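Me: I should like a close look at one chain of this assembly, taken from its domains down to a single helix and out to its partner. Please state the cut-offs behind each term as you go.

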Amino acid sequence: MYRFALGRLLQAIPVLLVVITVTFFLVHSAPGGPFSADKAVPPEVIKALEEQYNLNQPVWQQYIGYLGDVLRGDFGPSFKYSGRTVNELIGAGLPITAELALYAMLVALGVGITAGVGAAMRPNTLQDYLPMTGAMIGICMPSFLLGPLLVLIFGIHLDWLPVSGWGDIPGDKILPSITLGTGYAAYIARLSRGGMLEVLSQDYIRTARAKGLSERLIIVKHALRGGLIPVVAFLGPAFAGLLAGSFVVETIFQIPGMGRFYVQAAFNRDYTLILGMTIFLSTLIIVFNLLSDMLAIWLNPKLRHELEGAKS
Amino acid sequence: MTYLSTNWSLYRGKLATELGLKLFLALVFVGLTGCGSGESNVSAGNKNGTLYWGNGTEPQTLDPQIATGVPESHIISAVMEGLVLKNRKTLEPIPGVAESWDISADGTVYTFKLRDNARWSNGDTHTAHDYAWSWWRALQPALGNLYAYMLFPIKNARQYYEGDISDFSEVGVKALDDRTLQVTLSFPTPYFLQLLDHYSTYPVHKETIEKFGDADQRGTRWTYEGNLVGNGPFQLVDWKINRRIVVEGNPHYWDANNVSLNKIVFIPIENIVTEERMFRAKQLHVTSSLPADKISVYRAAKDPELRIAPYLGTYYYRLNVRKPQLKDPRVRRALAMSVDRQRLVDNITKGGQIPAYAMTPPGTMGYYPESDLTFDPEGAKRLLAEAGYPNGEGFPSTEILYNTNEGHRKVAVALQDMWKKHLNIDIRLLNQEWKVYLDTESAGQYEISRAGWIGDYVDPNNFLDLFLCNGGNNRTGWCNEEYDRLILDVAPSMSSLKERLEVFQKAENMLLDDMPIIPIYTYTSVQLVNSAVKNLDPNIMNSPAYKDIYLQADK
Amino acid sequence: MNNSSSETTVMPDDQGTSLWQDAWIKLSKNRLALFGLAVLVTLILVSLLTPLIAPYGYEEQNLDMGATAPSLQHWLGTDIFGRDMLTRIMYGGRVSLMVGFIATAVALVIGILWGATAGFFGGRLDAVMMRIVDVLYALPFMIFIILLMVVFGRNILLLFLAIGAVEWLTMARIVRSQVMSLRNQEFVEAAHSLGLSQWTIIRRHIIPNTLGPVIVYTTLTIPSVMLLEAFLSFLGLGIQPPESSWGLLINYGVETMEEFPWLLIFPGIALSLTLFALNFLGDGLRDALDPRTSKD
């Protein structure tokens, strides 16, 4: 297992290099420079600015220089936010987005697995239809709709919860976490229901039932592990999606997280900020995909044996 | 053999599941017990003198000689101040750091007397030399000051900026002594005092800037909390990016006794729908704007918190006169004549905007442009036929370019339909993301493009000089040497206001005859303002005087 | 799990066709699935016939009227330009359905082939293929889209490609993990020992056995594709006003949901109805196609 993880981490180096290279050249070939503005910018100013940020050098030279900086752990200065470094901006946004993603993931797993497993235990009954209909609605409900709905109901009309902010007013983390987590809860409910149904039809479950074990015990002890494999495989991508999808929720709820920085950076052509965020997000995604794979292997002994057999 | 291991993993799996469940429950519990709405920002703020201000986007910088946006201008005007201030209603210049000034008979030499109690927020004395140095800095091309032109009325300032002269002592700004500043202009500029209330002409604290880098270096840390030294009624105490900027009263300010607010919290909110909800939840005293569809709701309810005021800006469409179908002025005129502006502002923009039939907003420095442009679909049809497109037949495919934005989309959709209805021509829409749009527009690769201009100062010159032949903001390809001459040479040489305005009217007529642009409406500022906020008076620049504002909740 | 082989049997060569017949019989007994199918067919027919049956022109404006609630003239009300909502929803459906189906099909084809290949062969090939997936996952989507928009211009085909290019990644991962867990089961080993070629094994055994999760995921992908399309259109890629799609209509509806709720509700119903129909059909198909249930 450790060798597997180490191997994957080593593989991540060329992956990151590709990500940096592709992003670098994409960003630099995107139309509109970081300093274009509504008001005409005098040529003197453009020249001065390009000099200051080394944009007057050939692109490949900038690329080499950038790689060198990244190796030293320096993502450079932000072009847009005069005087801020990219490291500083990531440092400001990451903890907030990570916290939001964590809560959303907990909402998604808690609600999703409960609903999915419950539905699978009594397929084609009300206990199945209700949560699955809910899941379907959850999937149809984009966060740009769910967020405002929740705000209007709980924030404005009932006046129970704050309508915006993150850590400023007590309780302001609840609505964003639910908004971001709902879509994933719905996915997870469907995946875990499917997985559980699959497992519950297997022989060993029937054997267990024939032995007269209680249904609850069968679910918890025997079925969950196999039944949740599709959910586990989905966790890596889900986490990536949460990080990337946090933008909409961060905008609706006025949360100062990475998602807003990232999208603003893209629109502002803040080259260094886009690159820095991309590299950082890429690393996170690689790590989470690895963790999700490791968890899947751990839950599925067969795969593990094979892996260990292959490596040794 | 697998039995044992399976069982063991199952056990571990179960442990993990239980742990996860407990963690989840604990978190939900913590989250929920934290709930229970506390006191709102607004009612707390009313008690302790804190103003919560919705401020649009996150400011790029607080360096007054680098900043360019409205959100930046709000914060900068709270922490810094120029030689003159403006009356918060009429925008007449009133004494700021300068307690008085003299203007020479020919209107070209201004002598400012500075207050002897003017101080920087760290207690340093604030002298006339600070202005000479700050304006020297503002004219360094390396700094990338987009508002350097605000100082160009000063003698030799443009020449210095463009590198034609290298000795700053030839530029018309001199500190005669610590408290006297003399400014010499190239020609009388009636709006010069106004420019001194624009943030790009504010003084900056030399020692602080040099502590964090070179004077003409961008991106130093001198504007951050703990570093920034200003001369305004407030001082910066906290700056959390994308979250809030907090300023507190500055005890060294010359008029500190008359500043009522203790604190202002500027909150950057790009999403105006979110902003409106925050206002309703009493998390904000003032919003930066209001979605068009909400305006009618507030209007219908006669909500006193809705505030609509004329705003010095024109929303217009550029017509690219280099494109074959738009070469003919009759076609451009026909397009302009078939825009039903009244219907548009009543039904689409809804913010009480004023239909515009000329480029300069009416009432700019007493100038009310006359225009023979009207909504006349029949006349437009005739003109189009004369130009060779009877009933729109054979009119080449044409696109409206606009940057991605709800408001611009709505106007474009409405105009598209008006042109179809009245001229029977098919116009397509093309929206582009902001930076792409800027590129496309300045490269002249468009036919019709959405534009807007907000005045930097109240004078027709600021609107009409957009369309000079090589003006960077022209972008239509339209060029008329006589027009250039009127704006650049004739208008500045006029001795009386009346004559000057006549010249502008003449230039404006040339613009309207040739129609390289279609004026659509004059902006209004639309905001929500909590009733506790006093002395935030509307003015056409929509610039607040924070030092005058106080909070008093209604009983 | 170890002894599940007694459940799934090695299918003889001629069972490919009877599997589908069998599936159709089971599907036709599932009322919800049939209902879903009926709704989808109706929606597709309406979309095809929209230019003939729509009550108004989709860009016909009446600014003086503005947004009005549902009435006899306008069954679903009008938007702020006074345009008939029923007509706009019908036209929007054409775009949404097209985007949903075609982009998902693109994602399906790439994802299944990619995932199955990686999962089946495993080893170094798997590692390389999955790292490519990782790279694509980690790319900045927004920049990618903006770049595409400018380099290639606005083009609805591009929209399909862009969405398909994003959505196939998860599909590939799901298929891969499914295939990996399948390929060592005895029935596959048995097929090996019977001397079937690798390709035949993939086609006959692996793909049919992964169909269940794939169908479930597909029913999840179509809605997310439709919503992604709304997001992209909002950014300015693809659909230009006055044309529209359900996702875009909902996007606009959200902003005015307090003032003009019908602008949100009706497109929302149209989208939900489609998604529910897809879901019922997907569930029905999964049950019908599951090789195991055929023995019950």
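Reply: Domain bounds come from an automatic or database domain assignment. For chain B that assignment gives domain 1 (18–80 + 219–308 + 526–551), domain 2 (84–209) and domain 3 (310–524). The model is a predicted one, in which local features need pLDDT of at least 70 and side-chain atom pairs count only at pLDDT 80 or more, while totals for chains, interfaces and linings use all residues. Residues are numbered from 1 along each chain as its sequence is written, and chains are lettered from A and ligands numbered from 1 in the order in which they are written.

Confidence comes next. The mean pLDDT (the predictor's confidence in each residue, from 0 to 100) of chain B is 89, and 93% of its residues score at least 70. Over residues 1–17 of chain B, however, the value is below 50, and this stretch has 13 contacts in the model beyond near neighbours in sequence. Residues 29–37 of chain B likewise stay under 50, and for them the model has 13 contacts beyond four places in sequence. Here two residues are in contact if their C-beta atoms, placed from the backbone, lie within 7 Å.

As a whole, chain B holds 17 helices and 18 strands; these are DSSP runs numbered from the N terminus, with helices (H or I) of at least four residues and strands (E) of at least two. Taken along the principal axes, its C-alpha atoms fill a box of roughly 90 × 70 × 60 Å. Chain B has 555 residues, of which 49% count as buried, the class for 20 or more other C-beta atoms within 10 Å of a residue's own (12 or fewer is exposed, in between is partly exposed; C-beta atoms are placed from the backbone). When contacts in chain B between residues at least 6 apart in sequence are considered, 68% join residues at least 24 apart.

Between its domains, the C-alpha centres of domain 1 of chain B and domain 2 of chain B are separated by 30 Å. Their contact involves 24 residues of domain 1 of chain B and 27 residues of domain 2 of chain B. On the domain 1 side, helix 3 (residues 70–79) of chain B gives the most, with 3 residues. That side of domain 1 of chain B comprises 11 nonpolar, 11 polar and 2 charged residues. In these counts Ala, Val, Leu, Ile, Met, Phe, Trp, Tyr, Cys and Pro are nonpolar, Asp, Glu, Lys and Arg are charged, and the others, Gly among them, are polar.

At the level of one helix, helix 12 (residues 377–386) of chain B has A380(B), K381(B), L383(B) and L384(B) buried. Viewed down the axis of helix 12 of chain B, these buried residues fall within an arc of 165°, so they line one face of the helix; the arc is that of the directions from the helix axis to the C-beta atoms. An α-helix has 3.6 residues a turn, so residues three or four places apart point the same way. The partners against which the buried residues of helix 12 of chain B pack are helix 10 (329–337) and helix 13 (406–423) of chain B. Just after helix 12 of chain B, G388(B) adopts a positive phi of about 105°.

Turning outward, the contact between the two chains takes 52 residues from chain B and 51 residues from chain A. Helix 1 (2–33), helix 8 (272–280) and helix 14 (434–442) of chain B each contribute at least two residues to the side of chain B that touches chain A. Helix 1 of chain B provides the largest share of that side, 11 residues. By class, the side of chain B that touches chain A has 16 nonpolar, 24 polar and 12 charged residues.

Finally, the largest nonpolar core (buried Ala, Val, Leu, Ile, Met, Phe, Trp, Tyr and Cys residues joined through C-beta atoms within 7 Å) contains 320 residues, of which A104(A), I188(A) and I518(B) touch the most other members. Helix 4 (residues 86–121) of chain A gives the most to this core, with 18 residues. Beyond its neighbours within four places in sequence, A104(A) is in contact with S177(A), L180(A), G181(A), Y184(A) and L242(A).
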